[in-house]
Amino acid sequence: MSRTTTTMAGKTPASEMPAAPSQKLTEAEKDARLTQEQSQADAEAAKAKTARSALILVLLATCALAMKGLLAKFVYATGMTVDGLLLLRFSIAMPFFWFGVWMFGKNRPGERAMRPGDMVWGGAFGGLFFAASLCDFTAVSIIDVTVSRIVLFSFPAIVMILEALHRWRLPPLRQIVCFLITYCGLILVVAPNGVSLVSDHMWQGVFWAFSSALTYACYLYFSQRKISVVGSMHFAALINTVAGIAMVLYELVVEKPLNLNLTGVLWTTGISIFCTVIPFFLLFEGIRRIGATQASLISLSGPALTFFAAWLFLGETLSPTQMAGFVVVMLGVASLKNKMTLAGFGRLLARPFQGPMR
């Protein structure tokens, strides 16, 4: 016989009596805690997977952008001029950007259709972008790709100066120190044997590279607000369109030879698609997944990739003094862009490879 428990209503088998409320609550809490821990683990795993994919996207974009100057050297080797390259580049890239807007930019958060007022700002920023591109490719046609990339890479220091002038206040002491370090490194790169021994040819190329850095810094600094209003995809399509129109007008005025040829056109097509359009979409998606801060840190590898490719395919080299200057510029710009220590830089780059925290 089974045991029974006497109550006012009679006898009830003890095995059929409900468990104590406190015991039920404890088991429910255990189940809830296990479910919560599993959800957190799944969320961390998904976050790590997203970070890894974003890292790959940003690295691919950085590699592609780093090849732009290198491929330009191959274009010039065919006899094509800077004007011919830029005219073709903007003409080829323009429809691809608008196709990307049509395919991916319609319903993305932060993207909206263009309005008449946007064209005015687009004209100004597109003009700056055109000037930066013209100066950049002119510099590459005169001096080594590696040196021109290092000079151009100093543009964050110019952005710091623009911000200080715009806000009418001195930058923090840390930024001033980073600025001085960056340009000390540039002097080592440009004049490893002393300023007096730099050739006129080198000064000319450095002038165009620095002009590109200056105009590109102005474009980036003053266009940020407009990008946040219309969205980066619409804005990129707009400024590339304006830059293409500006290039046509520029060519009509200067009437410089283009020297178009089939080999040069093929190289320029590669620059337009693989070093302009595709990297933009990869970088945009990477920033969306991983954030601008870590994406900008990963993009610091761009000059190093250019240096390696220029050494491998063009035989360009840097002297020990120039290499030291290159490292100094990298460290100075990294500190300016991200306000981080080297240890923090390493931790941030390593984060996508770390598994979910337990």
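The exercises below, each with a worked solution, concern a predicted model.

In this model, local features need pLDDT of at least 70 and side-chain atom pairs count only at pLDDT 80 or more, while totals for chains, interfaces and linings use all residues. Residues are numbered from 1 along each chain as its sequence is written, and side-chain values use heavy atoms, with hydrogens and water left out.

**Exercise 1.** Determine how many residues the largest nonpolar core has, and which helix gives the most to this core.

*Solution.* Start from the term: a nonpolar core is a set of buried Ala, Val, Leu, Ile, Met, Phe, Trp, Tyr and Cys residues joined through side-chain atoms within 4.5 Å. Buried means under 20% relative accessible area, exposed over 50%, and partly exposed in between (1.4 Å probe, protein chains only). The largest such core has 37 residues, and Val147, Ile150 and Met202 have the most contacts inside it. Next, consider the helices, which are DSSP runs of H or I with at least four residues, numbered from the N terminus. At least two core residues come from each of α4 (116-142), α5 (145-152), α6 (155-167), α7 (173-190), α8 (200-230) and α13 (320-338). The greatest contribution is that of α8, with 7 residues.

**Exercise 2.** Describe how α4 and α8 pack, and state which kinds of residue form their contact.

*Solution.* Axes are lines fitted to C-alpha atoms, for helices over the stretch in contact, and angles run from 0 to 180 degrees between N-to-C directions. The angle between α4 and α8 is about 155°, and their axes are 8 Å apart. Angles under 35 degrees count as roughly parallel, over 145 as roughly antiparallel, 65 to 115 as roughly perpendicular and the rest as oblique. The two helices α4 and α8 are therefore roughly antiparallel to each other. Finally, the contact of α4 with α8 comprises 16 nonpolar, 8 polar and 3 charged residues. Here Ala, Val, Leu, Ile, Met, Phe, Trp, Tyr, Cys and Pro count as nonpolar, Asp, Glu, Lys and Arg as charged, and the others, Gly among them, as polar.

**Exercise 3.** Locate Trp168 and Asn259, and state whether each is exposed or partly exposed.

*Solution.* Trp168 lies in the loop between α6 and α7. Its phi is positive, about 55°, although Trp168 is not a glycine. With 80% relative accessibility, Trp168 counts as exposed. Asn259 lies in the loop between α9 (232-254) and α10 (262-290). The phi of Asn259, also not a glycine, is positive and near 55°. Its relative accessible area of 41% makes Asn259 partly exposed.
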